[in-house]
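Here are my notes on the model you sent over. I've kept them as numbered points so you can follow along with the structure open.

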Amino acid sequence: MAKAMKASILGASEGSLQAIGSWYFLLGVFVAIIAWALLLTDKSNPALTTVTSFLVLLGTIVGLLNVTTRETNAFLLASVALVLVSGFGITVYSDVLRVGPYLQAMLVAILQFVVPATIVVALKAIFSLAERK
C-alpha cells in the first residue's frame, strides 16, 4: 500500500522513482566528495550551511525514493554500520597529521548525506511493520 501511495502522490511509476532516486544518490555522493574536499575543512566558509542543507535534502530524497521494501534490511544494516564507523573515525582521524582534518571532513559529509536517508528508511520500515496485522 505504501508503494502505491508514494507513486500516486508523486504521479510516477515505481520504476521511474527508482531511477530518480538513483540519480539523487549519485548526486549526493558527488556533492559529499566535493564538500569535504573544498568546504568542510574551512569552517568559516559561508557556503558550508548551504552544502550541508543540500546534503541533508538529498539524503532525505534518497531515503524516500531509492530504497525498496526488499532492500530495507540490507540498507539499514549497511547505513547503521557506516554511521557508527564514521562517528568513531572522526575521533580517530583527529590525531592524524596533515590529512586528518580532510578525512574527518569527508566522514562528516558522508554522515550528512547518509543519516537522513537512514532515518527515512527506518521510519518507513516501522510504518510497514505497523501496517501489517
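1. A quick definition before anything else: helices here are DSSP runs of H or I with at least four residues, numbered from the N terminus. By that count I20 is found in helix α2. Please keep in mind throughout that this is a predicted model.

2. The overall picture. The protein chain has 5 helices and 0 strands, so along the sequence the pattern reads α-α-α-α-α. Of the 133 residues in the protein chain, 32% are buried. Among contacts with a separation of 6 or more, 76% are between residues 24 or more positions apart. The accessible surface comes to about 8,300 Å², and carbon and sulfur atoms own 74% of that.

3. Now the inside. The largest nonpolar core has 10 residues: V31, A32, A35, V51, L55, L58, V62, A109, F113 and V114. Three elements give two or more residues to this core, namely α2 (14–39), α3 (47–65) and α5 (100–131). The biggest giver is α3, with 4 residues. As background, nonpolar side chains in soluble globular proteins tend to be buried together.

4. F113 deserves a click. Leaving out residues up to four places away in sequence, F113 touches Y24, F25, G28, V29, L55, L58, G59 and V62. Two of the core residues named earlier, L55 and L58, are on that contact list. Is F113 buried or exposed? Its relative accessible area is 5%, and the cut-off for buried is under 20%, so F113 counts as buried.

5. Which residues make the aromatic pair? A search of the whole structure turns up 1 such pair, and it is F25 with F113, tilted, at 5.7 Å centre to centre with 45 degrees between the planes. The pair links distant parts of the chain, with F25 in helix α2 and F113 in helix α5, 88 residues apart. The two rings sit in unlike surroundings: F25 is partly exposed at 35% relative accessible area, while F113 is buried at 5%.

6. Next, the outside of the model. A nonpolar patch on the surface is formed by I20, W23, Y24, F25, L26, L27, V29, F30, I33, I34, L38 and F54, together showing about 1,100 Å² of accessible area. Helix α2 supplies the largest share of the patch, 11 residues. Why can I20 belong to it? Patch members need over 30% relative accessible area, and I20 is partly exposed with 37%, so I20 clears that bar. F25 turns up here as well as in the aromatic pair, and α2 also gives two or more residues to the core.

7. A few long-range neighbours are handy for getting your bearings. S22 sits in helix α2 and counts as partly exposed at 34% relative accessibility. The C-alpha atoms of S22 and N66 are separated by 6.1 Å, although the two residues are 44 apart along the chain. V115, in helix α5, is partly exposed with a relative accessible area of 30%. V115 and G63 lie 9.5 Å apart, C-alpha to C-alpha, with their positions 52 residues apart in sequence.

8. T60 is another one to look at. T60 is placed in helix α3 and counts as partly exposed, at 26% relative accessibility. Not counting residues up to four places away in sequence, T60 touches P116, A117 and V120. From T60 to V114 is 8.6 Å, C-alpha to C-alpha, for residues 54 apart in sequence. V114 itself is one of the core residues.

9. Helix α4 comes into the picture through V80. V80 is partly exposed, at 41% relative accessibility. V80 and I119 are 39 residues apart in sequence and 9.9 Å apart in space, C-alpha to C-alpha.

10. Last, a backbone detail to check by eye. Where is R98? R98 lies in the loop between α4 (72–92) and α5. The phi of R98 is near 65 degrees, a positive value in a residue other than glycine. For context, most residues other than glycine have a negative phi. With a relative accessible area of 77%, over the 50% cut-off, R98 is therefore exposed.

Key: Residues are numbered from 1 along each chain as its sequence is written. This is a predicted model: local features need pLDDT of at least 70, side-chain atom pairs count only at pLDDT 80 or more; totals for chains, interfaces and linings use all residues. Side-chain values use heavy atoms; hydrogens and water are left out. A nonpolar core is a set of buried Ala, Val, Leu, Ile, Met, Phe, Trp, Tyr and Cys residues joined through side-chain atoms within 4.5 Å. Buried means under 20% relative accessible area, exposed over 50%, partly exposed in between (1.4 Å probe, protein chains only). Contact means heavy atoms within 4.5 Å. Rings of Phe, Tyr and Trp (its six-membered ring) pair if their centres lie within 6.5 Å; planes under 30 degrees apart count as stacked, over 60 as edge-to-face and the rest as tilted. Patches are made of residues with over 30% relative accessible area and no salt bridge: like charges are joined within 9 Å, nonpolar side chains (Val, Leu, Ile, Met, Phe, Trp, Tyr) within 5 Å. Accessible areas come from the Shrake-Rupley method with a 1.4 Å probe; for residues, only the protein chains shown count as cover. A salt bridge is a side-chain nitrogen of Lys or Arg within 4 Å of a carboxyl oxygen of Asp or Glu.
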